[in-house]
Amino acid sequence: MKATVNGVRIRGICAVVPDEIHKFADEIKYFPFPEKSSIRLGRVMGFREHRITDAATTPCDLASYALNYLFQNGLIQKDNLQSLLVVAQMADHRVPGNSKIVHGQLGLPQETFCADLYENCTGFISGLYMASVQVASGSVDEVALVVTDGGACRANKLDRNTYPLCGDAAGVALVSKSQDPEDKIHFVFRNDGSRKDALIVPAGGCRMPSTPETAKAVRDEMGNYRSLNDMHMDGTAVFQFVMESVPPLVEEACAYAGIEKGNIQYHLTHQPNRFMLEKLADIMEVPREILFNNIVENFGNSSSATIPVNMAFNLGRRLVEEKPLVCLSAFGAGLSLAAAVCRLGHMDFCEMIEHPGKGCIMPPKQGD
């Protein structure tokens, strides 16, 4: 699918990451592999440290903390918040949805529209499309788009294939109405459900409910231990999918937007690991310095939240002072692909904050 949404912009970005840092060097002892092997892998993949919440902190807590920070600093008016869209692959409860939990935590007006989108690594771009369409319809002036991921503390520490990648984070993007004819976003989406088994958690849903049997960890052919309740990733298949599919997707998105790929000033890409992104930049013939690859080594892979974390960490103040031409791209479970091309910047804010854990939803007020 391709679509252009006119008259919309991202007014601001706030990313929140846990303040608890876990070092890869300290986690090597968990893996059933020789230490030298893990050190070599970490050097190639960019495993250095990642941010993980404590068990008391949920995806909704991260989201509410970021939104309360924006309320406290006058960047959103709580009583005027018209629409809240929460994108996540983890839920505080099976019922109700995360958006209703966040609504209650924040004490939002009953008139606020709330909706949930279950998505994985392409979730920020999917959510941006849905928020943009809502704004362009004229029904609201602004949508608070929240992408959040938590629960890495419960991930399987015996699986070197996935655990070092994990990170928790949330991002809030304010998607707003604009009268500037330059403010439009071009979207391209692709999906290949025939390859769904390349990145999947087999048990825990209706097709295979969790049982004591599905919780039993067994050793795979690579030497990792995992159960049917854990994430199963065929790293080779995912790598091939990304290398084969993302370069033509970006070419298609740029052509659809009517621009030359060489005019893109920054590629803000989902962050799976450094190695994959370096190879992707080389295949795309894009300078590595404009296709950032440093989020996993500093924060971890937080699924749909990596793009706003990428924006805040790597560009930050530049997205307040400048308005570069950017290409957003993401890929992941499904297998799915998404890209968006737009002018991004002249924001009211673009910043990163830290979450203190313990299920906190209220940041300290300035001066506390």
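Reader: What covers the buried residues of H4?
Author: Helix H3 (59–72), E5 and E6 are among the elements in contact with them (heavy atoms within 4.5 Å). Helices (H or I, at least four residues) and strands (E, at least two) are DSSP runs, numbered from the N terminus. This is a predicted model, where local features need pLDDT of at least 70, side-chain atom pairs count only at pLDDT 80 or more, and totals for chains, interfaces and linings use all residues. Residues are numbered from 1 along each chain as its sequence is written, and side-chain values use heavy atoms, without hydrogens and water.

Reader: Which residues of H4 are buried?
Author: Asn98, Ser99, Ile101, Val102, His103 and Leu106, in a helix spanning 98–106. Buried is under 20% relative accessible area (1.4 Å probe, protein chains only).

Reader: And just after H4, which residue takes a positive phi?
Author: Glycine 107, at about 65°.

Reader: How do H3 and H4 cross?
Author: At roughly 45°, with axes within 10 Å. Axes are fitted to C-alpha atoms, for helices over the stretch in contact; angles run from 0 to 180 degrees between N-to-C directions.

Reader: Which residues make the contact?
Author: H3 brings Cys60, Asp61, Ala63, Ser64, Leu67, Asn68 and Phe71. H4 brings Asn98, Ile101, Val102, Gln105 and Leu106.

Reader: New topic. What is the strand order of the open sheet?
Author: E6-E5-E7-E8-E2-E17, six strands with mixed pairing (at least two DSSP bridges per pair). E6 (113–118) and E17 (349–355) are the edges, each with a single partner, so one side of each has no neighbour in the sheet.

Reader: Which helix lies across E7?
Author: H5 (residues 123–136), at about 165° to E7 (142–149). H5 also lies across E2, E5, E6 and E8.

Reader: How do E2 and E8 pair?
Author: Antiparallel, over eight bridges. Valine 16 has alanine 170 of E8 as its bridge partner.

Terms used: Buried means under 20% relative accessible area, exposed over 50%, partly exposed in between (1.4 Å probe, protein chains only).
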